[in-house]
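Reader: I'm new to looking at protein models. Could you walk me through how two chains meet?

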Amino acid sequence: MPYALCFLLFMIGLYCAVVKKNLVKIVIGLAIMEYAVNLFLIMLGYRTGGTAPILDKTYIEAGTNKIVANFINTSVDPLPQALVLTAIVISLGSLALIISISIRIYGKYGTFDITEIRRLKG
Amino acid sequence: MQTGKISNGTKGMTVIVKTVSSWVRVLIFLFGINIVLFGHLTPGGGFAGGVILASSYVLLMLAFGREFVEENLPLPLASKLDCLGAFMFALVAILGIVLGGSFFLNFLYQKYLPGQPLHLVSAGIIPLANIAIGLKVGASLFLITLMLSISCKGRECRFE
Amino acid sequence: MTKVLPAFVLIPLVMAFVLPVFGKKGKNIATVLANLVTITLFVLAIACIGKSGVYQVGNWSIRVGIILVLDGLSSLMLLAINLVSAAAMLFSARYMEQYTAKSKYLSLFMLMVAAMNGLVLAGDLFNLFVFLEIASLASYALVGFGCEHEELEASFKYMVLGSVASSFILFAIALVYGNTAYLNMACISKSIQASGLNIGLTFALALFIVGFGLKAALVPFHAWLPDAHSSAPAPISAMLSGIIIKTLGVYALTRILFNIFGVSISVGWLLITLGLLSMIAGAFLAIGQWDFKRLLAYSSISQIGYVVLGIGLGATLLAKKANPAWASLALLGGLFHLVNHAVYKSLLFLTSGSVEMSTGTRQLKEMGGLAQRLPVTRTACTVASASIVGIPPFSGFWSKLILVIAAVQAGLYWIAAIIVFVSLCTLIMYLKVQRYAFLGELPENLQQIKENKGSMLVAMAVLAFLCVLMGLLVIIPSLRDSILKPAVDVLTVGPKHWEIAGILKM
């Protein structure tokens with residue numbers, strides 16, 4: 001059920017990116033799409049009643065360096081969290097680039113409306 | 001059409017904001033260094049710590065105006081710090097080949113300095129990589145915010 | 001040989017961060033260094049022909065670590081990527097003098113080359129995504145490099161559609177991870193062969209086709225390509241049209257479809273349909289263009305249709321379990337057309353850049369009679385046009401012949417007829433270019449132009465020479481068996497490729 005809501009958020013972002021006519025609203029639509037995908041990826045790793053995957057003194061057996069089996073059985077999956085960190089960094093770079101290009105388009109064309117930014121035709 | 005005045009944004013805010021932010025920004029910077037250094041023990045690491053480091057400078061930019069911060073940390077210096085961070089990361093990875101035989105091998109953990117688990121000196125090259133990433137991300141985000149804050153009055157933009 | 005694999009990604013990446021330090025004063029040193037790097041990578045790519053291996057980054061085991069895999073398909077793509085990037089970098093040594101901030105251009109170019117090399121070597125899905133994003137971001141920035149009106153508009157359109165495509169691909173990777181709990185390509189394919197496709201994996205396959213189809217500019221998703229390729233600076237257009245749409249789109253789609261999911265008849269027919277639509281729509285839309293680079297961009301859409309048609313034909317024949325020689329022939333035609341197109345389309349874009357630098361215009365109506373003033377450019381353009389149309393003995397003829405023979409042997413005569421028809425349309429559009437740009441008489445305002453000198457001519461001459469020679473790749477059996485046949489074998493064995501390469505035992 002939460003996965004279907006994630007997909008709904010993705011569709012809302014796609015609608016914004018495709019239908020809207022203001023440059024800034026298109027950029028916001030792209031950002032919403034990326035949030036939806038990151039949320040979906042984190043929710044995949046969830047385990048009901050799980051704990052955060054952070055090692056502590058209580059999870060290491062005294063004397064040796066081994067990790068208690070209880071930790072592996074009850075923690076949520078940390079791999080999607082690492083993937084989402086990378087994806088957030090990538091979307092940050094992409095967002096910075098697209099916003100700076102929007103600012104320059106405003107400086108050149110004088111408007112944020114994509115129906116008036118149409119020099120390339122055919 | 002976008003009409004109306006766009007504010008200059010370079011004069012800064014009131015005295016209260018300026019005084020408080022000049023104290024608080026040191027604490028934010030210190031907090032960022034903490035997140036970067038303990039990245040292998042607590043949540044965070046290179047990227048999150050770098051964002052916090054950059055945000056201390058963004059606070060300064062909001063409170064005092066753009067030109068003050070440009071004199072404080074000039075653009076060419078920030079560019080060079082950026083390249084230095086990336087270069088440090090590549091150096092750590094290449095040392096894995098030289099000292100260990102495989103690209104990005106954790107040579108400190110496996111050979112020279114294993115340390116004890118859950119202490120600061122424990123996970124090999126991971127703290128070094130975190131410091132390099134923190135430096136790079138901090139410098140990059142500072143540069144991005146600086147360049148995006150160039151104001152456009154109407155249709156005339158001062159880009160270099 | 002496997003110890004050299006990280007160098008393909010590492011050397012350009014380190015160079016990308018060293019070059020901005022040179023700034024404005026050290027421009028010439030930076031250019032020489034960049035050219036040295038691309039030529040070294042090309043030599044390394046030639047040394048990797050015929051070898052295969054796996055490199056484990058950081059000595060972590062296969063299930064948990066990042067691996068770099070070199071097999072037949074990867075070595076073929078490495079050859080194409082490094083050849084085109086060496087030629088484009090040589091060309092841009094002289095061409096980019098008209099722009100400022102050349103060191104930033106070189107740095108972004110190096111990032112793009114590093115990311116594309118990493119993409120073809122990636123052994124697990126998430127690394128593929130990360131390298132795909134790095135290459136896309138570098139290309140978005142490079143398309144809008146000149147910061148004129150049209151370049152920024154084209155870059156914005158390209159970036160919006162590219163980001164949508166990347167989100168689709170990440171969503172599909174998340175679905176695959178959720179259903180199989182692995183990210184390594186070998187482990188995913190083993191798990192899918194064992195359990196079959198459920199609804200989540202089918203949806204992931206559909207999202208992959210849409211996402212990579214957007215990156216490869218197949219026909220319902222092609223809207224960004226004419227603007228982006230015609231507004232970019234000429235060496236960047238050559239890189240975009242010559243390798244990026246093929247690596248990010250066609251290679252990734254092929255790898256995921258053949259080696260991870262396994263082909264089925266419906267997916268094969270879907271690819272054939274998309275390929276046919278791209279061929280026909282691209283050819284018809286290109287004939288009416290009066291802008292030189294826009295015509296070349298629409299022609300790119302058409303030629304990528306050929307490649308996808310060949311791959312789809314091979315997929316359908318493999319899924320029907322017909323005679324495997326026919327499937328190999330179709331895949332050989334598709335892959336050889338991919339390599340050919342990289343060479344001659346990048347040569348065409350480089351000649352258009354040379355024409356633009358001499359005359360200052362891209363409109364065909366304003367040019368004429370350039371054959372007298374620009375002899376080397378004219379020869380290169382004629383060789384590339386003859387090759388793309390399919391005149392023997394140039395290289396384009398052989399790949400189209402193989403595709404026609406494969407279609408006829410599979411019993412699909414109507415596809416063979418459409419291939420020949422679209423070749424005739426290609427002939428029309430390139431005759432138009434030759435007539436309006438090079439023949440005819442010189443207008444008055446262009447009487448003073450001279451031929452361009454130096455590195456631009458060297459780059460064009462090298463690529464033109466290769467256009468003529470590439471036909472030998474198919475005719476001489478030893479060259480064919482060492483370069484093209486391993487790539488086709490990787491695709492025909494499908495999901496069993498990972499066992500044969502010995503990865504699953506590690």
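Reader: How many residue pairs are in polar contact between chain C and chain B?
Author: Keep in mind that this is a predicted model. Counting pairs with both residues at pLDDT 80 or more, chain C and chain B share no polar contacts. The salt bridge rule comes up empty across this interface too. So by the polar contact definition, the count of residue pairs is zero.

Reader: Okay, which element gives the most to the side of chain C that touches chain B?
Author: Two elements of chain C give two or more residues to that side: α1 (5-18) and β1 (53-56). With five residues, the top contributor is α1(C).

Reader: What kinds of residues make up the side of chain C that touches chain B?
Author: Chain C brings 13 residues to the contact, and chain B brings eleven. On chain C's side, one is charged, three are polar and the rest of the split is nine nonpolar.

Reader: What is the area buried between chain C and chain B?
Author: Carbon and sulfur atoms give 75% of it. On chain C's part, Leu10(C), Phe17(C) and Gly58(C) supply 42% of what that chain buries against chain B, more than any other three residues. The area buried between the two chains comes to about 1000 Å².

Reader: Now for a single residue: is Ser56(B) buried or exposed?
Author: Ser56(B) sits in helix α2 (residues 46-64) of chain B, and it touches Arg25(B), Ile28(B) and Phe29(B), leaving aside residues up to four places away in sequence. Its relative accessible area is 2%. Buried means under 20%, so Ser56(B) is buried.

Note on methods: Residues are numbered from 1 along each chain as its sequence is written. Chains are lettered from A and ligands numbered from 1 in the order in which they are written. This is a predicted model: local features need pLDDT of at least 70, side-chain atom pairs count only at pLDDT 80 or more; totals for chains, interfaces and linings use all residues. Side-chain values use heavy atoms; hydrogens and water are left out. Contact means heavy atoms within 4.5 Å. Buried area is the accessible area (1.4 Å probe) that two parts lose on being put together, summed over both. A salt bridge is a side-chain nitrogen of Lys or Arg within 4 Å of a carboxyl oxygen of Asp or Glu. A polar contact is a pair of N or O atoms within 3.5 Å; within protein, one must be able to donate a hydrogen and the other to accept it, and residues adjacent in sequence count only if both atoms are side-chain atoms. Helices (H or I, at least four residues) and strands (E, at least two) are DSSP runs, numbered from the N terminus. Ala, Val, Leu, Ile, Met, Phe, Trp, Tyr, Cys and Pro count as nonpolar, Asp, Glu, Lys and Arg as charged, and the others, Gly among them, as polar. Buried means under 20% relative accessible area, exposed over 50%, partly exposed in between (1.4 Å probe, protein chains only).
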